Protein chains: 2
Amino acid sequence: MKIDHTSDKDLSAQIATAIRDAIISGQLPVDERLPSEAELSEQFDVSRPTVREALKRLAAQSLIRTQRGATGGAFVNRLTFEDAYRQQITTSTLLLSMNAVSFETACEARYALERACAALSAGRREADHLATMRAEIHRQTQPGLSDEAFCASDVAFHRALVDGAVNPVLSYQLAGAVEAMQPLMNMITFSARSREEIIALHTRIADAIENQTPENADAALIELQNYTVRLANAVIAERAAQSG
Amino acid sequence: MKIDHTSDKDLSAQIATAIRDAIISGQLPVDERLPSEAELSEQFDVSRPTVREALKRLAAQSLIRTQRGATGGAFVNRLTFEDAYRQQITTSTLLLSMNAVSFETACEARYALERACAALSAGRREADHLATMRAEIHRQTQPGLSDEAFCASDVAFHRALVDGAVNPVLSYQLAGAVEAMQPLMNMITFSARSREEIIALHTRIADAIENQTPENADAALIELQNYTVRLANAVIAERAAQSG
DNA sequence: AGAGTTTTAATTGTCTTACAATTAAAAAGG
DNA sequence: CCTTTTTAATTGTAAGACAATTAAAACTCT
């Protein structure tokens, strides 16, 4: 592993890339200890602060973890699904908030992916995920529920639907799509009437999963998508009218 | 924005989190300039190297960019779809390589998502994406094509299929699933026979998109999924026999 | 006065040195 | 042999210095 001291790129960025490549290619297996910061600074012929900046870049991506003390150091970190979820959610959230993505586009993506999961969920029909869906539907019917709590329950319901596919890779991919929509969903103030409609559709979805009728789940999800978009457009139009 | 000097967490991690939260919440809009490193070190009451470590953490996630010179500094970066693609791909790749995910599970996730896109692609039927798909199919028929080039063309074909849905959010979500599979796909050495089958299925998919018959695209993708899994299992079994 | 050139100041990038905090192993002592 | 203390290795943090870069300000010449 060598770096170019005459390059216009930061040395710390080059070092981080070199180590990252070594991890991705498998040269550095999980839990392997990297050389100490002092050794790395010798190997790359840079100062220790520069090495540290490189290591912090890798730590920010959960690629390494560090430990102090005599037997401490930087270790190649096993990237867990939990870590990946978190990164995926923040990245997706920022992507939506920074790029003027229309509500409809985000919604289309979300429900397209979710319907794919629903088909698998209907086939697997896991008892615990189904129980979670029913429990969340029940929570959503509580009259005193705040809008925030309703939205949180909504997310939990859809998470259970997705997790019901029992495919961690799929759950990971969907985490961003479902969770990143929450800020957008929160801007929609749910009336009692719209909650009723949503709960009815949720019930249809849960029924479809239970009865292993994926086509019914598909239809209900499409209706939910359309209804959500209609609600959002109404809110957006109202706001435009108020400000204009 | 304040940090806790008595916490067991790294100061640089705390500072990075504080700034990241400010960006996500919108307090720091895109292209806003952060205070200089000297000012930040005063504000947080830490040394400049510590501030720099925090900034490198943010830079690693494409949340900020830095510029040298008189009017330089750290600026809130607009997270582009391109940046997000790259992160998504490396994260997905590491997730698969570090977590003993079965080929079938990864394949199931990938094709479930891809079929969702295909349905939309068939509805939109974009000329340029269709042209790319045809061009890649043609490339795949060239007899002298190396296995690596065939795999790359395969990825390009599927990317075009996904991009044909004309939904950047969807393309972003899929980027990881499609590209992260490539290392797994590369381990399958394609014989002339399997190339023929794959090209035939690709052609059926392209035809289905062109004719706006999503059910045909769906069927072909399912066949492709099954065929890919069969090939992979055969390779895995052969390797086990050789080593055992 | 205007255009081109030089200087200057601000900022990040890097290096050096030093010390604090933590931790496990080694040494010491009972 | 067990407990306690010391020690050494390692990361975390600090302070100060200089290099590199860049845009604006000052200057010079026509």
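Hi everyone, let's start with a pair of helices: H4(B) and H8(B) pack at an angle of about 35°, and their axes are 8 Å apart. The crossing of these two, H4(B) and H8(B), is right-handed. On the H4(B) side, the residues making the contact include B:Phe81, B:Tyr85, B:Ile89 and B:Leu96. H8(B) answers with residues including B:Pro168, B:Tyr172, B:Ala175 and B:Gly176. If you sort the residues of this H4(B)–H8(B) contact by class, you get 10 nonpolar, five polar and one charged. Please keep in mind throughout that this is a predicted model.

Now, on to the two protein chains. How is chain B placed relative to chain A? A rotation of 180° with 0.1 Å of shift along its axis lays chain B over chain A, with an RMSD of 0.1 Å. The two copies are therefore related as by a two-fold rotation axis.

Next, the place where they touch. Chain B puts 42 residues into the contact, and chain A puts in 42 residues. Which elements of chain B give two or more residues to that side? They are helix H1 (11-24), helix H3 (48-60), helix H4 (81-98), helix H5 (103-124) and helix H8 (168-180) of chain B. So we meet both of our opening helices again here. H4(B) gives the most to the side of chain B that touches chain A, with 10 residues. By class, this side of chain B has 23 nonpolar, 12 polar and seven charged residues. And 100% of the interface residues of chain B are also interface residues in chain A, so the copies meet through the same surface.

Let's turn to the DNA. Strand C has 25 residues surrounding it, and the closest are A:Leu11, A:Ser47, A:Gly69, A:Ala70 and B:Ser36. Both protein chains supply this surface: helix H1 (11-24) and helix H3 (48-60) of chain A each give at least two residues, and so do helix H2 (37-44), H3 and strand E2 (73-76) of chain B. The largest share of the surface near DNA strand C comes from H3(A), with three residues. Sorted by class, the surface near strand C has eight nonpolar, 11 polar and six charged residues.

What about DNA strand D? There are 24 residues around strand D, and B:Leu11, B:Val46, B:Ser47, B:Gly69 and B:Ala70 come nearest. For strand D, at least two residues each come from helix H2 (37-44), H3 and strand E2 (73-76) of chain A, together with H1 and H3 of chain B. The classes near strand D are eight nonpolar, 11 polar and five charged.

You heard Gly69 in both of those lists, from chain A for strand C and from chain B for strand D. Where does it sit? In chain A, E1(A) and E2(A) form a hairpin with five residues between them, and A:Gly69 is in the turn, with a positive phi of about 100°. Strand E1 (residues 64-67) of chain A pairs with E2(A) in the antiparallel sense, over four bridges. Along that pairing, A:Gln67 has A:Gly73 as its bridge partner in E2(A), and A:Arg65 stands opposite A:Phe75.

Chain B has a hairpin of E1(B) and E2(B), also with five residues between the strands, and there B:Gly69 takes a positive phi near 100°. Strand E1 (residues 64-67) of chain B and E2(B) pair in the antiparallel sense over four bridges, and B:Ile64 finds its bridge partner in B:Val76.

That's my tour, thanks for listening!

Terms used. Residues are numbered from 1 along each chain as its sequence is written. Chains are lettered from A and ligands numbered from 1 in the order in which they are written. This is a predicted model: local features need pLDDT of at least 70, side-chain atom pairs count only at pLDDT 80 or more; totals for chains, interfaces and linings use all residues. Copies are superposed by least squares on the C-alpha atoms of residues with pLDDT of at least 70 in both. Two residues are in contact if their C-beta atoms, placed from the backbone, lie within 7 Å. Ala, Val, Leu, Ile, Met, Phe, Trp, Tyr, Cys and Pro count as nonpolar, Asp, Glu, Lys and Arg as charged, and the others, Gly among them, as polar. A residue is near a molecule or strand if its C-beta atom, placed from the backbone, lies within 6 Å of it. Axes are lines fitted to C-alpha atoms, for helices over the stretch in contact, and angles run from 0 to 180 degrees between N-to-C directions. A crossing is left-handed if the near helix is turned anticlockwise from the far one by less than a right angle, and right-handed if clockwise. Two strands pair if DSSP finds at least two bridges between them.
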